[in-house]
Amino acid sequence: MAFKNFDALLVLSFGGPEGEDEVIPFLENVTRGRGIPKERLKVVGEHYFHFGGVSPINGQNLEIIEQLRAELSRRGHNLPVYFGNRNWHPFAEDTAREISEAGHRNILVFATSAWGGYSACRQYDEDIARLHQAHPELHFTKLWQFYGHPTFVRLMGDSLKQAMESLDDKALRTTRTLFSAHSIPTAADAAAGGHEDAHLYSRQVLEASRLVAEHAGVETYENVWQSRSGNPQTPWLEPDIIDRVKELHQQGVTHIVCVPIGFLTDHMEVVWDLDTELKAECDKLGVEFTRVPTIGLEPRFASMIVDIAECISRGTTPPTLSTISVQGCTENGVPCHTDCCAPIRPRVTE
């Protein structure tokens with residue numbers, strides 16, 4: 001049994017190093033064109049070196065792929081699944097060549113991001129456009145984003161509910177729930193979605209947090225941001241999660257429940273920024289810390305991806321609980337609309 005009009009699925013992701021000797025070359029790929037000195041990259045890569053130079057993201061994506069293959073097989077679909085990255089091996093360009101040589105032509109693409117915005121959506125469209133330019137015989141169709149999909153909301157909500165149910169009534173009175181996602185420059189967020197639908201990324205994160213909190217029965221929560229980088233003078237989305245935890249501690253909060261809403265799996269921004277740096281700050285303050293699990297390695301997550309792929313094959317729209325229109329369904333890297341999630345280019349001064 002085959003998908004109508006599609007003969008392969010590409011999992012397209014960011015990539016990550018798998019050894020200390022790969023950290024700097026990987027970061028050079030990530031920051032290409034920005035003129036960042038190698039010595040600065042060594043500082044930036046400190047968190048990778050803390051884990052022997054190994055990012056968890058490739059291994060976690062391979063787990064997702066195995067679950068996708070199992071789910072496709074369970075449903076009787078004969079759809080091969082391929083893996084390609086933007087910044088490290090296996091590079092998407094090499095994977096596209098492999099796909100073409102295997103004789104596939106119509107490719108579904110699952111980009112490992114739930115969100116709009118340049119780096120979360122438009123840059124994947126650019127990746128797809130680059131692959132199509134190199135292999136015009138390949139036709140790519142990117143799966144819809146899923147931040148408001150009932151399965152995504154349910155999985156995240158169930159994890160949060162379980163974490164809250166582990167606390168007694170006394171602890172709950174001084175506990176605050178924080179939904180955390182990757183910060184981006186405020187100018188980039190303002191451009192996300194284009195002038196017709198600005199702040200798409202942050203609004204999607206806030207909307208998903210609301211849906212998850214409602215599912216879990218959590219009435220009081222906050223949205224915070226993490227993992228900012230670059231020039232400290234550039235405004236980014238705030239509040240920063242560590243800064244906010246310090247403020248909450250002064251207000252009498254004794255327990256933090258952190259929901260990594262912005263991340264599919266426990267990759268570096270989770271295991272370092274949350275499980276290492278944030279946990280250390282909580283320990284220093286005497287604040288209890290509970291980190292809700294990510295849901296990308298849940299078999300039901302892979303089932304959701306197959307559900308979305310089946311919807312595209314049938315020409316139907318995936319279900320969504322969100323009140324914000326789902327963006328990101330593009331073919332061959334064509335934007336959703338003019339200027340959608342366009343990159344913010346540095347201002348040139350004379």
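Start by selecting proline 239, in the loop that runs between β6 (221–226) and α11 (241–250). This is a predicted model. The peptide bond leading into this proline from glutamate 238 is cis, with omega near 10°.

Stay in the loop between β6 and α11 and pick serine 227. Its phi is positive, about 65°, although serine 227 is not a glycine. Buried or exposed? Serine 227 has 15% relative accessibility, and the limit for buried is under 20%, so it counts as buried.

Next, select histidine 199, in the loop between α9 (186–191) and α10 (200–216). Histidine 199 also has a positive phi, near 60°. Its relative accessible area is 35%, which makes histidine 199 partly exposed.

Now go to the open sheet, where four parallel strands run in the order β2-β1-β3-β4. β2 (81–85) and β4 (139–142) are the edge strands; each has a single partner, so one side of each lacks a neighbour in the sheet. On average, neighbouring strands here are turned by 30° against each other, direction ignored.

Select residues 8–13 and 106–111 to show β1 and β3, which pair in the parallel sense over five bridges. Within this pair, alanine 8 is opposite isoleucine 107 of β3.

Add helix α5 (residues 92–101), which packs on the sheet and touches β1, β2 and β3; its direction makes about 150° with that of β2. Then add helix α6 (residues 118–134), which packs on the sheet through β1, β3 and β4, with its direction at about 165° to that of β4.

Finish at proline 90, in the loop between β2 and α5. The bond from histidine 89 to proline 90 is cis, with omega near -5°.

Note on methods:
Residues are numbered from 1 along each chain as its sequence is written. This is a predicted model: local features need pLDDT of at least 70, side-chain atom pairs count only at pLDDT 80 or more; totals for chains, interfaces and linings use all residues. Side-chain values use heavy atoms; hydrogens and water are left out. Two strands pair if DSSP finds at least two bridges between them. Helices (H or I, at least four residues) and strands (E, at least two) are DSSP runs, numbered from the N terminus. Axes are lines fitted to C-alpha atoms, for helices over the stretch in contact, and angles run from 0 to 180 degrees between N-to-C directions. Contact means heavy atoms within 4.5 Å. Buried means under 20% relative accessible area, exposed over 50%, partly exposed in between (1.4 Å probe, protein chains only).
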